[in-house]
Amino acid sequence: MVKVQEVPEDIDEEYSDGPSDNESTSSVDSGSSGEPESLSERLAALRDIIPEETRDSITNNVSSLMNFGLKSARFLGNVFWVLTTSAMILIMPLALELEREHQIIQLENEQKALMSGQSSNPYGQLPGQLPGQLPGQLPGQVSPLGTSRHNDSGQ
């Protein structure tokens, strides 16, 4: 039979060299499960170590930092939205108009080249000129070299 005896607390602290009964049972309980503690369990255990005032201070600092981050993200998002829509409204029509102007200038240069007799053909032929035909020579006419297009075809 087990005899239960009540011991005053101050006597228990004076004669105790090791962990108290509460500490020994908690260490036995945590070690008896056989599973390693998770990070959240360890952080929850640290909660008791850190004083209440310090925990409140940390919570307030983290909360204010998160609020600042959210407000900054919203502000930067709004700035980005304003800049991109402004660019689309102001710069895109300008870019399209410059491209259109460039095409008109290019077309005018091609027309000037055709009017002045210069050919943009890399082979030096005028538009409508047959291969082997000299400039100003009519089709079927004999060239000064004695060949014509019809003579080459077997006639």
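In this predicted model, the chain averages a pLDDT of 76, and 59% of the residues reach a score of at least 70. A stretch that calls for some care is residues 23–28, where pLDDT stays under 50. Over residues 23–28 the model shows 1 contact beyond four places in sequence. Where pLDDT is low, the predicted coordinates should not be read in detail.

The overall make-up of the chain is simple to describe. Its secondary structure comprises 5 helices and 0 strands, and the order of elements from the N terminus is α-α-α-α-α. Of the 155 residues in the chain, 4% are buried. The accessible surface amounts to about 14400 Å², and carbon and sulfur atoms account for 59% of that area.

Helix H4 spans residues 52–116, and several of the features described here involve this element. The UniProt record, an unreviewed entry, lists residues 75–96 as a "transmembrane region". In the model, residues 75–96 are 100% helix and 0% strand. The C-alpha atoms at the two ends of this segment lie 31 Å apart.

A nonpolar patch of about 780 Å² is found on the surface. Its members are Leu39, Leu43, Leu46, Ile49, Ile50, Ile58, Val62 and Met66. The elements that contribute two or more residues to this patch are helix H3, covering residues 39–47, and helix H4. One of the patch members, Ile50, sits in the loop between H3 and H4. With a relative accessible area of 31%, Ile50 is partly exposed; patch membership requires over 30%, so Ile50 passes that cut-off.

Charged side chains add another layer to the picture. Side chains of opposite charge can pair when their charged atoms come close. In this model the count comes to 3 salt bridges.

One of these joins Glu37 and Arg42, whose closest N and O atoms are 3.8 Å apart. Glu37 is partly exposed, its relative accessible area being 39%.

Another salt bridge links Arg55 with Glu52, and here the closest N and O atoms are 2.6 Å apart. Both residues belong to helix H4 and stand 3 residues apart, so about one helical turn separates Arg55 from Glu52. Glu52 has a relative accessibility of 46% and therefore counts as partly exposed.

Further along the chain, Arg100 and Glu97 meet through their side chains in a salt bridge, with an N to O distance of 3.7 Å. Arg100 and Glu97 also lie in helix H4, with a spacing of 3 residues, or about one turn of the helix. Glu97 is partly exposed as well, at a relative accessible area of 41%.

Helix H4 thus brings several of these features together. The helix gives two or more residues to the nonpolar patch, holds the Arg55 and Glu52 pair, and also holds Arg100 and Glu97.

Terms used:
Residues numbered from 1 in each chain as written. Predicted model: local features only at pLDDT ≥ 70, side-chain atom pairs only at ≥ 80, totals over all residues. Heavy atoms only, no water. UniProt positions renumbered as here; feature names shortened; annotations may be inferred. Helix = DSSP H or I, 4+ residues; strand = E, 2+ residues; numbered from the N terminus. Patch = residues over 30% accessible without salt bridge, like charges linked within 9 Å, V, L, I, M, F, W, Y side chains within 5 Å. Areas by Shrake-Rupley, 256 points an atom, 1.4 Å probe, with all protein chains shown as cover. Salt bridge = Lys/Arg side-chain N within 4 Å of Asp/Glu carboxyl O. Buried < 20%, exposed > 50% of the residue type's maximum accessible area, 1.4 Å probe, protein only. pLDDT = per-residue confidence, 0-100. Contact = heavy atoms within 4.5 Å.
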